[in-house]
Structure formats: structure tokens, C-alpha cells
Amino acid sequence: MARFSIIVTSASLDSQGCYSAYRFTQTAITNGHQISGVFFYQSGVNIANTFQTMLSDELALYPKWVDLANEHKIPLQVCVTAANRRGIISEQDAIQNDTPELFNLKPPFQSVGIGELVSMLNESDRSIQF
Amino acid sequence: MKSLAIINQQGPLHSNAGQESVDLVLAAASFGQDVSVFFIDDGVFQLLKMQKPDVLEHKHFAKSFGAFEFYDVENIYVCQRSLTLRNIESNQLNVACQILSDTELNAKLANAHNIITLS
Amino acid sequence: MILHKLSHSPYSQKNFVSLLTRITDKDGILLTQDATYALSSTEYCQLLLKQTVNVYALEPDTIARGIQPVMSEIQLVDYAEFVTLALKYNNVISW
């Protein structure tokens with residue numbers, strides 16, 4: 001049994017990377033491994049936007065990540081700087097911006113700093129980027 | 001302490017990758033990671049002293065390379081072959097760095113605990 | 001011992017040849033996503049196998065794309081084997 005850090009830097013609709021990361025995470029858990037966390041960076045943060053609306057017959061990746069995280073208590077950590085650049089705003093950021101209603105990053109996604117990535121890497125055996 | 005290799009593969013104005021690489025290097029180093037920075041392929045264009053991104057109203061993030069040493073990031077590795085292919089001489093570079101052959105560069109990568117590519 | 005995870009099509013990745021020079025004979029190559037298009041080209045398969053004999057491709061990604069592999073030396077793996085490969089090597093680079 002090993003501990004993995006998953007790093008997602010690809011945007012969910014620009015490549016298959018974010019889906020591959022989901023499948024890898026799911027499989028690692030099924031096979032008895034642990035996930036220290038999933039860290040979303042660069043355009044990978046786009047998946048955290050709760051306003052994403054897919055057509056009914058298309059792949060909706062957002063709810064898949066949410067279910068996986070809730071079921072297995074996996075931290076979904078979103079880099080706050082990368083997210084804010086791309087209009088992904090947590091409730092706390094919204095309050096600071098004096099627009100408390102305007103946020104699109106909700107739990108189980110968490111808005112964090114790069115320090116969280118470092119903690120995640122320190123406690124895992126292997127990292128893999130998608 | 002774990003080592004983190006960060007690989008830059010794109011030119012400075014290709015995307016926001018250069019800025020987000022600098023953010024990652026400085027933050028990871030300040031949280032105690034042993035960070036090394038690699039410039040390969042078009043990533044070596046980030047090292048050109050002559051670049052003037054302000055002409056396009058872009059932030060000159062490459063100026064931050066000079067701050068790496070204050071964060072104890074002293075391992076800055078550049079691919080010799082990528083420089084040669086792009087007609088770049090070492091005196092055109094904006095930061096003190098080690099220019100490595102493929103064999104040397106691959107050996108450095110093989111030693112890193114974790115590797116993140118920015119593209 | 002690095003596992004090089006490729007995800008871009010060799011037909012469109014301009015630095016594909018440059019990428020090959022980063023791979024030593026002890027390393028492994030895992031073709032994923034559009035990189036699996038290499039499987040239907042003898043030329044690309046041979047270029048990969050020249051660097052290392054440890055070349056793998058993620059089977060669900062090939063099936064999803066309708067790719068017919070031309071060389072049996074490249075081993076098809078599922079997600080469970082992908083997880084095992086990521087642990088077998090010392091680290092993973094995603095190109």
C-alpha cells in the first residue's frame with residue numbers, strides 16, 4: 001500500500017487529463033492505496049467551478065470528483081492564486097471582495113496555498129501529474 | 001526534506017505557465033522543499049536577457065529568477081541541446097545556471113522525488 | 001528509473017524527438033491519451049522502443065480512440081497496472 005499525491009494542471013475540457021486523474025485516483029483507492037490529496041494548479045483549477053453545466057448526455061466530471069472526494073474523504077485542494085486568476089472564487093474570497101454572494105468554489109473543493117501541496121508531497125510516496 | 005524538480009518547457013509569452021512556475025518555485029522553496037528548476041525545449045527562451053514583455057503590457061516574471069538564490073534555489077539547470085538548437089549563447093542568459101548535457105540532465109531528473117512540468 | 005507518461009499525439013507534438021532524448025534504457029514509457037496514436041505507427045513504435053524496451057500503453061485510451069496497435073512489443077495496461085507502474089519506477093514525469 002502506498003500514498004499518492006495527484007496533481008492536476010490540465011483544464012477539464014481542454015484535454016482528457018482531468019478525467020484520467022479521476023480514473024487513476026479511483027483505481028488507486030480500489031486497489032488499497034491512499035490518496036494524500038489532489039492538488040489543482042494552472043488551468044486544472046477550472047474543474048472546481050460549481051457553475052459548470054454540461055448537456056444531459058455528456059460526461060459531467062465535476063459531480064464525479066465531488067462524489068469520490070465525499071465517499072473516500074479525499075482532500076480536493078485548489079490553488080487560490082491560480083483559481084482567482086481564472087475567476088474561481090471561494091466563499092471566503094467573496095467575503096473579502098465585499099461580494100459575499102459571488103462565489104463558485106464550494107466544498108469538497110478547498111481553496112488553499114501552495115504550502116498544502118508541499119505538505120501533501122511530504123506525506124506521500126509518489127506524485128503523479130495529469 | 002523532499003526534492004521537487006520543476007520543468008519549464010514553454011516560452012515566456014506562450015501561456016501563463018512561466019509566472020505560475022515562478023509562483024511554485026518560490027512558494028515550495030519557502031515551505032522547505034529542495035527545489036531545482038529545469039529549462040528545456042522552448043523553456044530556454046524564458047532565460048533571454050533581452051526580452052521586453054512590457055512592450056506587450058505583460059509582467060516581466062523572468063526578473064524573479066534573480067530572487068531564486070534568496071530562497072536557496074541554487075540548482076538551475078538548462079538543456080545544452082535546447083540552447084544550441086535555438087542559437088542561444090550562455091552570455092545571453094538572465095540568471096546564473098548550469099548548462100547540462102542530456103545525460104547529465106536526465107541523471108538530475110532521475111534523482112528528484114517529485115517532478116512537475118509546466119506547459 | 002523514471003516513468004515517462006506521454007499524453008500528446010506524436011503527430012502534433014513538435015518536441016516529440018527532443019522528448020525521446022530524455023528517456024534512458026532503464027526508464028519506462030507509458031502512452032496515455034493522444035500519445036496512444038503512436039501505437040498504429042511502426043515508425044513511432046520503433047523510435048520509442050529504441051530508447052527503452054519498457055514501453056506501455058493505457059488500453060482504455062487506445063480502445064476509446066479505435067486504435068489498432070501494430071507492434072506486440074508494446075504492452076497494453078489497464079488503470080490498475082498504471083497505478084502499479086507509477087510505484088514501480090522512482091518517479092513519474094508527465095510530458
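**Entry 1. A:S20**

I began at A:S20 and listed its contacts beyond four places in sequence: A:F130, C:Q33 and C:Y79. I note that the model is a predicted one. I then placed A:S20 in helix α1 of chain A, which covers residues 17-30. Is A:S20 buried or exposed? I found a relative accessible area of 2% for A:S20; the residue is therefore buried, since the cut-off is under 20%. I also took the distance from A:S20 to A:T99: the two are 79 residues apart in sequence, and their C-alpha atoms lie 35 Å apart in space.

**Entry 2. Chain A as a whole**

I counted five helices and five strands in chain A. I read their order along the sequence as β-α-β-α-β-α-α-β-α-β. I looked up the extent of the C-alpha trace of chain A along its principal axes and noted about 45 × 40 × 25 Å. I compared the radius of gyration of chain A, 14 Å, with the value near 14 Å that a compact globule of 130 residues would have, and the two agree. I recorded that 55% of the 130 residues of chain A count as buried. I also looked at contacts in chain A with a separation of 6 or more, and 78% of them join residues 24 or more positions apart.

**Entry 3. Chain A against chain B**

I turned to the interface of chains A and B, where 17 residues of chain A are in contact with 18 residues of chain B. I noted a buried area of about 1400 Å² between chain A and chain B, with 49% of it from carbon and sulfur atoms. Which three residues supply more than any other three of the area that chain A buries against chain B? I found A:Y41, A:Q42 and A:R85, which together supply 31%.

I followed A:R85 further and found a salt bridge to B:D23, with the closest N and O atoms 2.8 Å apart. The count of salt bridges between chain A and chain B is three. I also recorded nine residue pairs in polar contact across this interface, both residues of each being at pLDDT 80 or more.

I then asked which elements of chain A supply at least two residues each to the side that touches chain B, and I listed α3 (80-85), α5 (114-122) and β5 (126-129). Of these, α5(A) gives the most, with six residues. By class, I counted seven nonpolar, seven polar and three charged residues on this side of chain A.

**Entry 4. C:S18 and chain B against chain C**

I located C:S18 in helix α1 of chain C, residues 16-20. I noted that C:S18 counts as buried at 13% relative accessibility. Leaving aside neighbours within four places in sequence, I found C:S18 in contact with B:D41 and B:R81.

I looked up the area buried between chain B and chain C and noted about 1100 Å², of which carbon and sulfur atoms give 46%. I found two salt bridges across this interface. I recorded a salt bridge between the side chains of B:D102 and C:R22, at 3.5 Å from N to O. I counted nine residue pairs in polar contact between chain B and chain C, both residues at pLDDT 80 or more.

On the side of chain B that touches chain C, I listed α2 (80-85), α3 (102-110) and β5 (114-118) as the elements that give two or more residues. I noted that α3(B) contributes the largest share, five residues. By class, I recorded eight nonpolar, five polar and three charged residues on this side of chain B.

Key:
Residues numbered from 1 in each chain as written. Chains lettered and ligands numbered in written order. Predicted model: local features only at pLDDT ≥ 70, side-chain atom pairs only at ≥ 80, totals over all residues. Heavy atoms only, no water. Contact = heavy atoms within 4.5 Å. Buried area = accessible area lost by both parts, 1.4 Å probe. Salt bridge = Lys/Arg side-chain N within 4 Å of Asp/Glu carboxyl O. Polar contact = N/O pair within 3.5 Å; in protein donor to acceptor, adjacent residues only side chain to side chain. Helix = DSSP H or I, 4+ residues; strand = E, 2+ residues; numbered from the N terminus. Nonpolar A, V, L, I, M, F, W, Y, C, P; charged D, E, K, R; others polar. Rg over C-alpha atoms; globule rule 2.2 N^0.38 Å. Buried < 20%, exposed > 50% of the residue type's maximum accessible area, 1.4 Å probe, protein only.
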